[in-house]
Amino acid sequence: MDIAPTPAPVPLVHDIPFWDSVKQKDLKLQRCADCGQFRYPAGPICAECNSEQATWERVSGKGTILSWVVFHKTYLPAYPAPHTVIAVRLDEGPIMISNLEGPEPEGSWIDERVSLRYSTMPDGVVLPRFELDRAAS
Amino acid sequence: MARTPRATAIIGIGQTDWSGDWRRVRNGEKPADSVGYAAQAFQDALRDSGIPKSDIDGLIVGPTTAYERMGEVLGLNVRWGGQADAVQAILQAQMAIESGYAKVIALVYGNDQRSAGTQYGGPSAMGGQSFLSYVYHSPWGMTSQGALYALTLRRYQHERGLSEADMGQVAVAQRAWATMNDAAIQRKPITVDDYLQSRYVCEPLHVFDYCLVNDGGVALIIADAEYAERMRPDPVYILGTGRSDLNTGATSLEPRLTDYYLPAQQQAGTASYEMAGIGPDDMDVMLAYDSFSVHVPLALEGYGYCDVGGVAQFLTEKGIGPGGALPVNTHGGHLSESYMQGWNHQLEAVRQLRGEAGSRQIPGAQTVHYTSDVAGKCMSVIYGR
């Protein structure tokens, strides 16, 4: 049986270190070397202070669900309906769009604490995803 | 230079047969391509205006047709021209006329999106890489423009207490208006129960929250006021315009998920109200760009028709359908008339102000407000007699 390929990232030159860090299961985001602002997606200059200097820093992997949806229509072969998508506010600031794995919250998912995990798709692609943070009260 | 109210006016409107072509496309026919639909609409607008084609010295085409080809087909060698989406085209025409680059501008839009099978989600999502936020999250299965609005709506419902039944009132009201519009494709009335029982596409959005993707064309002729008054007894003036954008954090959806574009809507609205010298309380008709129903509650709050957080109460107590306190999308909007990417709303503004809206006519309408919030850009246009 054919395995549906995971949709490829949109090729942005500044994002290469991001996807490399995902592959190594050691998620890093670009951070302004001057004002400390995290950038996601990565970019050529800091939107806050205009600095061109940046570093790549490991993030805590902790965050809070801002919103979620359930697709009832299949758009992509790798994601047959129903499938869910979440928007997570990382503790470092940026919003990441991802998926929730494992148990789902009862009722509203908003404000649930989540933590990062790495999923391997059927075609071998590693994706950063989230699960409910059971350590959170 | 300060912008001048009543410096420009619409003197011609045209469209293709949306519902007729819808039926033909469903039967497997291909009535026209994008350029063909645009040309038909242009002919209709030119007839409506009563002006000679040779007076047209400006051309703006929609994003779906090539500018040079469109000018070639229409036989328009102009002094000024370009390509723009619906509301940006109105603003550009206003700017070009006010600054003397053109006097009479044709705006033409054609789209064969239904017969061509245009996809607004999935592996070849329309607009894809030119709007990064539409494709950036595809590795996680996040695709389709509806899904972006579904994420927005879910958070908005949580923060501001808008229930699914409250939301259903938008689609119900617009369908009720569409029953009085022969040009509308979907004219069967629906109830909030029908809405609640309808299938989800991207939950919390139901199928009735999505626009009707359709083939068709729209054309407008905008002229400077002196010319307009000479050629027609009933020009529809541009009284005020405003624009404000929120781009910071756009790809990660920050402006959509944290404040729902509210500051940009407020700024664009205020700019247009100040230019026109009137405010939301003075509007006879409100037309909101509605690729998805979510735009409507956001616009009602953002442009000051109700308190922020008060839209559920507004929808229930005031109402936006026939008989409601504020008539909104009186043509049925993109949800029930046809998805013409904002262009059809301008036709409805003109018809209401000319008194040509048939059984859905708002008696004595003097002012119409059009708002659009798409991909970071918030724009506000006020039309009047």
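**Exercise 1. Which residues of helix α1 (residues 18-26) of chain B are buried, and against which elements do the buried residues pack?**

Step 1. In helix α1 of chain B, the buried residues are B:Trp18, B:Ser19, B:Gly20, B:Asp21, B:Trp22 and B:Val25. The model is a predicted one.

Step 2. The partners of these buried residues in chain B are β1 (8-15), α2, β7 (216-224) and α14.

Step 3. After α1(B) comes B:Gly28, with a positive phi near 90°.

**Exercise 2. Describe the surroundings of B:Ala38.**

Step 1. B:Ala38 sits in helix α2 (residues 34-49) of chain B.

Step 2. The relative accessible area of B:Ala38 is 0%. Buried means under 20%, so B:Ala38 counts as buried.

Step 3. Neighbours within four places in sequence are set aside; B:Ala38 is then in contact with B:Met70, B:Val108, B:Tyr109 and B:Gly110.

Step 4. B:Val218 is 180 residues away from B:Ala38 along the chain, yet their C-alpha atoms are separated by 6.4 Å.

**Exercise 3. Locate the partners of the salt bridges that B:Asp112, B:Asp224 and B:Asp234 form, and state the burial of each residue.**

Step 1. B:Asp112 pairs with B:Lys30, with 2.9 Å between the closest N and O atoms. B:Asp112 is in the loop between β4 (104-111) and α5 of chain B, and B:Lys30 is in the loop between α1 and α2, 82 residues apart. B:Asp112 is buried at 14% relative accessible area, whereas B:Lys30 is partly exposed at 44%.

Step 2. B:Asp224 pairs with B:Lys103, the closest N and O atoms lying 3.3 Å apart. Because B:Asp224 is in strand β7 of chain B and B:Lys103 is in the loop between α4 (86-98) and β4, this salt bridge ties together parts that are 121 residues apart in sequence. B:Asp224 is buried at 16% relative accessibility; B:Lys103, at 33%, is partly exposed.

Step 3. B:Asp234 pairs with B:Arg354 at 4.0 Å between the closest N and O atoms. B:Asp234 belongs to the loop between α8 (225-231) and β8 (236-245) of chain B and B:Arg354 to helix α14, so the pair ties together parts 120 residues apart in sequence. Both B:Asp234 and B:Arg354 are buried.

Step 4. Salt bridges with shared partners connect B:Asp48, B:Arg232, B:Asp234, B:Arg354 and B:Glu356 in one network.

**Exercise 4. What does the side chain of B:Arg351 make a polar contact with?**

Step 1. B:Arg351 is part of helix α14 (residues 343-354) of chain B.

Step 2. B:Arg351 is buried and has no salt bridge. The nearest side chain of opposite charge is that of B:Glu356, 5.2 Å away. A salt bridge needs the nitrogen within 4 Å of the carboxyl oxygen.

Step 3. The side chain of B:Gln15 makes the polar contact with the side chain of B:Arg351, at 3.0 Å.

**Exercise 5. Characterise the side of chain B that touches chain A.**

Step 1. The contact involves 32 residues of chain B and 38 residues of chain A.

Step 2. About 3,000 Å² is buried between the two chains, 67% of it from carbon and sulfur atoms. B:Tyr136, B:Pro139 and B:Trp140 supply 26% of the area that chain B buries against chain A, more than any other three residues.

Step 3. One salt bridge is counted between the chains; A:Arg89 and B:Glu254 meet in a salt bridge at 2.7 Å, N to O. There are also 13 residue pairs in polar contact.

Step 4. α5(B) gives the largest share of this side, six residues. By class, the side has 16 nonpolar, twelve polar and four charged residues.

Notes: Residues are numbered from 1 along each chain as its sequence is written. Chains are lettered from A and ligands numbered from 1 in the order in which they are written. This is a predicted model: local features need pLDDT of at least 70, side-chain atom pairs count only at pLDDT 80 or more; totals for chains, interfaces and linings use all residues. Side-chain values use heavy atoms; hydrogens and water are left out. Helices (H or I, at least four residues) and strands (E, at least two) are DSSP runs, numbered from the N terminus. Buried means under 20% relative accessible area, exposed over 50%, partly exposed in between (1.4 Å probe, protein chains only). Lys and Arg count as positive and Asp and Glu as negative; His and the chain ends are not counted. A polar contact is a pair of N or O atoms within 3.5 Å; within protein, one must be able to donate a hydrogen and the other to accept it, and residues adjacent in sequence count only if both atoms are side-chain atoms. Contact means heavy atoms within 4.5 Å. Buried area is the accessible area (1.4 Å probe) that two parts lose on being put together, summed over both. Ala, Val, Leu, Ile, Met, Phe, Trp, Tyr, Cys and Pro count as nonpolar, Asp, Glu, Lys and Arg as charged, and the others, Gly among them, as polar.
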